[in-house]
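Student: I should like to examine one part of this model closely, namely the surroundings of the ligand. Please describe that part, and then continue to the parts of the chain that may be read alongside it.

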Amino acid sequence: KVNGLEFAVKDLALAEAGRHQIRLAEHEMPGLMATRKEYAGSQPLKGARIAGSLHMTVQTAVLIETLVALGADVRWVSCNIFSTQDEAAAAVVVGPNGTPEKPAGVPVFAWKGETLEDYWWCTDQLWDFGDGKVANMILDDGGDATLLVHKGVEFEAAGAVPQPSADDPEEFKVVLSTLRKSLENDKQRFTKLAAEIKGVTEETTTGVHKLYELVKSEELLFPAINVNDSVTKSKFDNKYGCRHSLVDGINRATDVLIGGKVAVICGFGDVGKGSAESLRGQGARVIVTEIDPICALQAAMEGYEVKTLEDVVEYADIFITTTGNYDIIKAEHMAKMKHQAIVGNIGHFDNEIDMAGLEKTPGVTKQEIKPQVHEYTFADGHSIIVLSEGRLLNLGNATGHPSFVMSNSFTNQTIAQIELFTKPGEYGKDVYVLPKHLDEKVARLHLDALGVKLTKLTKEQAAYIGVDVEGPYKPEHYRY
Ligand code: NAI
């Protein structure tokens with residue numbers, strides 16, 4: 001604690017380095033900066049206490065400072081143990097004025113290389129805003145903050161946290177012990193918190209998927225906005241962001257020449273499309289695996305071979321999972337790979353690659369080459385290189401997506417926070433997407449920076465295709 005400001009970051013001395021990067025990022029984030037300007041006077045987030053769980057990078061720093069500039073009180077953690085940029089975390093704590101003090105300085109609990117226990121401890125620091133006040137908004141990426149609240153409420157209602165079963169994932173055991181401690185201190189902590197929360201805005205495909213499941217089982221405790229499915233999010237960040245940051249991660253981790261290598265991309269959704277292009281751009285011969293005939297056909301039409309993993313596991317050089325599903329690359333696959341094949345995941349959770357199975361394979365040894373790069377050697381002497389221990393490698397081995405694409409995503413986030421906070425009566429316990437005119441507005445805010453000149457519809461043309469001159473230009477069912 002400094003000046004009454006709580007935080008847990010690697011080193012506050014990194015703040016100046018972080019501030020320089022934030023300053024450069026601001027220039028590359030025109031949507032967020034325009035949103036700051038638009039709402040500076042009206043302060044729509046005044047009274048909002050936002051608990052944010054999203055990769056603590058330089059770009060996220062610009063998002064946090066935008067939320068603060070709009071009047072919000074914010075606490076922040078990262079949504080992955082490896083994704084924090086320590087200099088960004090320090091700069092956000094210290095704030096643009098150079099003193100770690102509210103309101104410009106923000107409590108951040110995040111550092112690169114947390115243990116799972118650290119991670120859930122950090123997530124549990126999100127809720128208490130001091131003076132008896134708790135969070136009233138969540139900004140989530142992957143749903144871990146939302147999960148903690150929902151599980152907390154569930155166990156408080158049951159009166160106890162269950163004992164973990166043997167086949168529960170390690171991480172869930174840590175969630176249970178975090179909640180057990182909480183329940184010992186206050187039997188109604190999460191129940192009271194959930195009653196305060198006006199809503200959650202969710203960043204990514206995997207988190208959104210969990211929200212729809214909560215709606216289906218009638219367990220969702222507050223309204224949610226699916227930011228991922230704004231067109232200006234998933235069709236840009238997931239695709240063009242990964243096109244940039246996948247090769248960045250592989251290069252920083254291994255410095256292996258990608259040109260000429262055979263690379264396998266598992267999954268050809270938005271992330272898969274960007275990832276395949278990323279590697280093809282470097283001259284790799286890219287092979288795609290898919291379960292969905294539409295996406296498989298798209299991949300084929302783009303000129304990629306579409307095979308099963310079993311077909312190619314023995315001769316490909318690079319394997320990347322992008323599915324948001326689990327058990328995509330199993331231990332037995334990894335055992336069959338070529339010597340020094342590279343294995344990584346860019347989907348949200350680490351269970352796309354069966355790391356637990358790999359660790360348990362008889363005779364396997366693990367050697368750290370450098371942080372977040374490990375060589376696993378099998379009993380027969382051949383080895384594979386695993387990036388970020390199976391966690392999303394573009395944030396573990398590099399610095400995630402660049403600012404310009406994140407400006408699109410985070411402008412949607414900011415608008416979504418304003419929607420849920422200022423119009424609580426308009427949203428029920430369901431999942432919503434932002435209206436199309438706001439999606440178009442986000443795109444519009446990014447055109448000038450790229451020198452894009454839009455053609456203007458005439459009144460007659462607008463009437464002919466049945467839209468308003470000012471938009472929205474497409475029906476809801478249009479897929480882009
Ligand atoms: P998506 O749903 O568009 O694509 C996933 C694709 O994987 C689908 O086409 C699906 O048919 C396919 N798939 C599912 N099971 C498969 C299997 N067993 N084998 C082969 N293909 C399979 O989802 P999106 O938006 O591409 O996101 C994918 C993951 O990436 C999610 O976990 C998401 O949260 C995450 N994500 C990560 C980012 C990053 O910066 N690392 C950025 C954005 C999203």
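The shell around the ligand

Tutor: The shell around the ligand consists of 7 nonpolar, 15 polar and 4 charged residues. In this division, Ala, Val, Leu, Ile, Met, Phe, Trp, Tyr, Cys and Pro count as nonpolar, Asp, Glu, Lys and Arg as charged, and the others, Gly among them, as polar. The model is a predicted one, in which local features need pLDDT of at least 70 and side-chain atom pairs count only at pLDDT 80 or more, while totals for chains, interfaces and linings use all residues. Residues are numbered from 1 along each chain as its sequence is written, and side-chain values use heavy atoms, with hydrogens and water left out.

Altogether 26 residues surround the ligand, and the closest are Thr 204, Thr 205, Thr 206, Glu 290 and Ile 346; a residue is near a molecule if one of its heavy atoms lies within 4 Å of it. At least two residues of this shell come from each of three helices: H9 (205–216), H10 (231–254) and H11 (270–281). Helices (H or I, at least four residues) and strands (E, at least two) are DSSP runs, numbered from the N terminus.

Several side chains meet the ligand through polar contacts, which are pairs of N or O atoms within 3.5 Å; within protein, one must be able to donate a hydrogen and the other to accept it, and residues adjacent in sequence count only if both atoms are side-chain atoms. An N or O atom in the side chain of Thr 205 lies 2.7 Å from an oxygen atom of the ligand. For Thr 206 the corresponding distance to a ligand oxygen is 2.5 Å, and for a polar side-chain atom of Glu 290 it is 2.6 Å. Taken alone, the ligand exposes 860 Å², of which the protein buries 85%. These accessible areas come from the Shrake-Rupley method with a 1.4 Å probe; for residues, only the protein chains shown count as cover.

The positions named in the record form a natural next step. The unreviewed UniProt entry annotates Thr 57, Asp 141, Glu 203, Lys 233 and Asp 237 as "binding site". UniProt positions follow the numbering used here, feature names are shortened, and annotations may be inferred rather than shown by experiment.

Glu 203 occupies the loop between strand E5 (200–202) and helix H9. It counts as buried because its relative accessible area is 3%; buried means under 20%, exposed over 50%, and partly exposed in between (1.4 Å probe, protein chains only). Beyond neighbours within four places in sequence, Glu 203 is in contact (heavy atoms within 4.5 Å) with residues including Asp 141, Lys 233 and Asp 237, which the "binding site" annotation also covers. Its other partners include Leu 54, Asp 140, Met 406 and Phe 410.

Thr 57, another annotated position, belongs to the loop between strand E1 (49–53) and helix H3 (58–69). With a relative accessible area of 5%, Thr 57 is therefore buried. Apart from residues up to four places away in sequence, Thr 57 touches Ser 83, Gln 85, Ala 88, Leu 395 and Thr 399.

One of these partners, Gln 85, lies in the loop between strand E2 (73–77) and helix H4 (86–94). Gln 85 is likewise buried, at 8% relative accessibility. Among its contacts are Gln 21, Met 56, Thr 57 and Thr 399. A polar atom of the Gln 85 side chain is 3.4 Å from the backbone nitrogen of Val 58. By contrast, 26 Å separates the C-alpha atoms of Gln 85 and Ser 230, which are 145 residues apart along the chain.

Finally, the record also assigns a domain. The unreviewed UniProt entry gives residues 238–400 as "domain: S-adenosyl-L-homocysteine hydrolase NAD binding". This span is 36% helix and 23% strand, and its end C-alpha atoms lie 11 Å apart. Within the loop between strand E14 (383–387) and helix H16 (393–396) is Ser 388, which has a positive phi of about 50° although it is not a glycine. Glu 389, in that loop too, also has a positive phi of about 50° without being a glycine. The two residues may be set side by side: Ser 388 is buried, at 0% relative accessibility, whereas Glu 389 is partly exposed, at 27%.
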